[in-house]
Amino acid sequence: CPFCSRFTTLLDDVMKEYPKDVAVVFKQFPLTSIHPQAMLASQAALAANAQGKGWELHDKMFANQKMINRENIDKWAEEVGVPDLAAFKKALDEKTYEKAVTDDMQQGMKMAVNSTPSFFVNGRELKERSPEAIKKVIEEEKALAQKLVDAGSSRAEVYARIMKAAKAERKAPAREQKPRPG
């Protein structure tokens with residue numbers, strides 16, 4: 001979606017600033033009601049990722065959002081160097097990654113995701129998406145991680161410990177009830 005593509009630059013900046021502290025976990029959440037080709041694009045990204053070219057195809061599709069269709073996706077997969085195009089096309093034909101996309105969507109719904117992009121840092125939803133707000137949350141999470149390391153956890157196990165304590169579900173916020181005029 002256009003909003004997701006705008007956030008890509010900010011995410012790239014965060015990764016450059018925190019290369020050893022931040023890992024991106026990307027989940028599919030195609031909004032098919034407003035983006036009819038989103039499910040196909042999600043599956044294509046996963047099919048390309050299985051061959052080491054997921055981000056390359058992702059970026060190509062984001063740069064050409066209004067032109068997403070099966071013919072162009074196949075062409076772009078070749079352009080970005082997906083090594084086994086026959087396997088890529090077969091995965092799309094057979095909907096090999098449809099369940100993975102659906103599973104990501106279900107996980108998003110459990111976390112009350114209702115729009116894209118939605119971002120979480122160690123299970124904490126980021127409502128404010130400015131560079132300053134994101135860096136603030138990252139710094140808070142780094143401080144928590146450092147406390148775990150200081151208490152004896154290895155750096156390798158810190159993320160697993162934090163995520164074990166994170167919520168697996170959350171309720172959607174209640175809609176504000178505004179009085180009706182008249």
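Let me start with one residue, Ile 73. Leaving aside its neighbours within four places in sequence, Ile 73 is in contact with Leu 40, Ala 41, Ala 44, Leu 57, Met 61, Ile 68, Phe 88 and Leu 92. I should say at once that this is a predicted model.

Ile 73 also belongs to a wider group. The largest nonpolar core has 17 residues, and Ile 73 is among those with the most contacts inside it, together with Ala 44, Leu 57, Met 61 and Phe 88. Which helices supply this core? At least two residues come from each of α2, α3 (54-63), α4 (70-80) and α5 (85-93). The largest share is that of α2, with six residues. There is also a second, separate core, made of 11 residues, including Val 14, Val 22, Leu 126 and Ile 134.

Staying with helix α2, I turn to Gln 43, which is placed in that helix. Is Gln 43 buried or exposed? Its relative accessible area is 5%, and the limit for buried is under 20%, so Gln 43 counts as buried. What does Gln 43 touch, leaving aside its neighbours within four places in sequence? The contacts are Leu 92, Lys 95, Tyr 97, Glu 98 and Val 101. Leu 92 is a name we have met already, in the contact list of Ile 73.

Now to the surface. Val 24, Phe 26 and Trp 55 make a nonpolar surface patch of about 280 Å². Let me take these residues in turn.

Val 24 sits in the loop between α1 (2-17) and α2 (38-49). Its relative accessible area is 34%, so Val 24 is partly exposed. Phe 26 is partly exposed as well, at 40% relative accessibility. For Trp 55 the relative accessibility is 43%, and this residue too counts as partly exposed.

Two members of the patch have a further relation. The count of aromatic pairs comes to one. The pair is Phe 26 with Trp 55, and their ring centres are 5.4 Å apart. Why is the pair called edge-to-face? The ring planes stand at 80°, and planes over 60 degrees apart count as edge-to-face, so the pair falls in that class.

Where in the chain do the two rings come from? Phe 26 is in the loop between α1 and α2, whereas Trp 55 is in helix α3. The two are 29 residues apart, and the pair thus links distant parts of the chain.

Conventions: Residues numbered from 1 in each chain as written. Predicted model: local features only at pLDDT ≥ 70, side-chain atom pairs only at ≥ 80, totals over all residues. Heavy atoms only, no water. Patch = residues over 30% accessible without salt bridge, like charges linked within 9 Å, V, L, I, M, F, W, Y side chains within 5 Å. Areas by Shrake-Rupley, 256 points an atom, 1.4 Å probe, with all protein chains shown as cover. Salt bridge = Lys/Arg side-chain N within 4 Å of Asp/Glu carboxyl O. Helix = DSSP H or I, 4+ residues; strand = E, 2+ residues; numbered from the N terminus. Buried < 20%, exposed > 50% of the residue type's maximum accessible area, 1.4 Å probe, protein only. Core = buried A, V, L, I, M, F, W, Y, C linked by side-chain atoms within 4.5 Å. Contact = heavy atoms within 4.5 Å. Phe/Tyr/Trp six-rings, centres within 6.5 Å; stacked < 30°, edge-to-face > 60°.
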